[in-house]
Amino acid sequence: MKYELIIIGAGVWGSSAALRAVTSGLHSVLLIEANAGVAMESSAKAGGVVTNLLWGSENVAWVKRSRQLFQTAYDASRDRSILQPYGMITLFDESVENFVRQRTRELNDDDTPAEIWSSDRIVSEFPDLDRLPSSVQGLWTPNDQHVNPTAYAQAVVNLARDAGLSVRLGQRVMRIDVQSSAVSVHLAKETIQAERVLVAAGTWTGKIVETAGFHVPLRPYRVQLASLHMPEGYRLPMVWELATDVYLVPDGPHNLLAGDGTRLYEHDPDHYQTSGDDDFISDIAAQTMRLTSRAQNAGLRQAWAGLCGGTPDRQPLIGPLTSRLFVACGDQGIGVMRGPALGELAADVALGQAQAPHLNPMRYQGHRDFPIRAGFTLES
Ligand SMILES: Cc1cc2nc3c(=O)[nH]c(=O)nc-3n(C[C@H](O)[C@H](O)[C@H](O)COP(=O)(O)OP(=O)(O)OC[C@H]3O[C@@H](n4cnc5c(N)ncnc54)[C@H](O)[C@@H]3O)c2cc1C
């Protein structure tokens, strides 16, 4: 049998692409995932922050579309963990005040609620942020959400299965070959044919397409997150401190996720340290305590690291390598909040239903050692 489309990778991007493909009228779509379940790699390790406070109008548009798709998955599955409406407070000092005020106006002009609060107002609204210096201000964006990427991906794959998607879990793609009439996808004990293949395998995408002789300008870098046990409980929104890049995400009444940005050098997705670094582990509780006394007795539950994919211009790589082989990768650490929209776009491009030449993966041919830059920033 030859599938019309095979999608490799069932993270947020690949799962979203699969749903789009089967609801676009294709009859034979196969989603292949190396792990035993969907979204167990970067998507499972994410903080799950969803915000319109991103650089670039196209990124904001992708977040807006993704919010609709998160909501659809939530409505279909009734899994309440998919979406949580926490809101976010972005802490900043006067050195960036003018810039943040400008971004606030831009958000408001785009109908996104956003207002600047003094430190007194922050503490009156969220008394647990009781350690802020009086010089700090906050940009309050009440519509920001937390999403559970694995629950979202599971809901989407369930919907897609109902619409005819075939799924193979626990099957690693070893190699692909592109021929003139088909693409061969080699698993450990079997080869499957497809008219087209979309590789949406996150930071593994580069390695997979290399087996077919292609290069994509993608450099995987490492991001860490910790889960803190908060024995006294707390009441916090999502918090992002611009000066340090520390961010906090509520995760239940006695659990708080805390991260501090990124390690901006290249890692091999098959060989990287998946646990947190010692200095990160020793530092992150203290960083959290600087913001809230509620973390005074916090204990570390777990610290982990995952990979994000950097590209030369921090924009995703979506489109064809040949007429039969397509990629969707280059998340820049903001790939959950844009992932559903980008998965959808990738499927549309692979099926010839949309074009995105500015995201074409060949646009930076030959770029290998470009600087890795974080994606979750205010600056374009
Ligand atoms: C610590 C951390 C915090 C983050 N926080 C946020 C956040 O708050 N908000 C946000 O928007 N983003 C965040 N991100 C980024 C986000 O996690 C990624 O952008 C997103 O998960 C990318 O999704 P994906 O589907 O492209 O990749 P993945 O989720 O990695 O999915 C790729 C899939 O491909 C599969 N695969 C790989 N190789 C093969 C193969 N050979 N055969 C078959 N299957 C294969 C993998 O098993 C995997 O399931 C964070 C990332 C990290 C690491």
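The following exchange takes up the sheets and salt bridges of a predicted model.

Modeller: This is a predicted model in which local features need pLDDT of at least 70 and side-chain atom pairs count only at pLDDT 80 or more, while totals for chains, interfaces and linings use all residues. Residues are numbered from 1 along each chain as its sequence is written, and side-chain values use heavy atoms, with hydrogens and water left out.

Biologist: Which strands stand at the edges of the open sheet of eight strands?

Modeller: Strands are DSSP runs of E with at least two residues, helices are runs of H or I with at least four, and both are numbered from the N terminus; two strands pair if DSSP finds at least two bridges between them. The order in this sheet is β6-β7-β5-β14-β15-β16-β13-β17, with mixed pairing. Each edge strand has a single partner strand, so one side of each is left without a neighbour in the sheet, and these strands are β6 (115-117) and β17 (299-310).

Biologist: Which residue in β7 stands opposite Trp117?

Modeller: Strand β6 is joined by three bridges to β7 (residues 137-141), and the two run antiparallel. Within β7, the residue opposite Trp117 is Gly138.

Biologist: At about what angle to β7 does helix α4 run?

Modeller: Axes are lines fitted to C-alpha atoms, for helices over the stretch in contact (heavy atoms within 4.5 Å), and angles run from 0 to 180 degrees between N-to-C directions. Helix α4 (residues 97-109) lies across β5 (88-92), β6 and β7, and its angle to β7 is about 15°.

Biologist: About how many helical turns separate Arg101 and Glu97?

Modeller: The side chains of Arg101 and Glu97 meet in a salt bridge (2.9 Å, N to O), the term being used for a side-chain nitrogen of Lys or Arg within 4 Å of a carboxyl oxygen of Asp or Glu. Because Arg101 and Glu97 are four residues apart in helix α4, their separation is about one helical turn.

Biologist: Is Arg222, which meets Asp277 in a salt bridge, buried or exposed?

Modeller: The side chains of Arg222 and Asp277 meet at 2.9 Å, N to O, and the pair links distant parts of the chain, with Arg222 in strand β13 and Asp277 in the loop between β16 and α8, 55 residues apart. Buried means under 20% relative accessible area, exposed over 50%, and partly exposed in between (1.4 Å probe, protein chains only). Asp277 has a relative accessible area of 14% and is buried; Arg222, with a relative accessible area of 2%, is buried.
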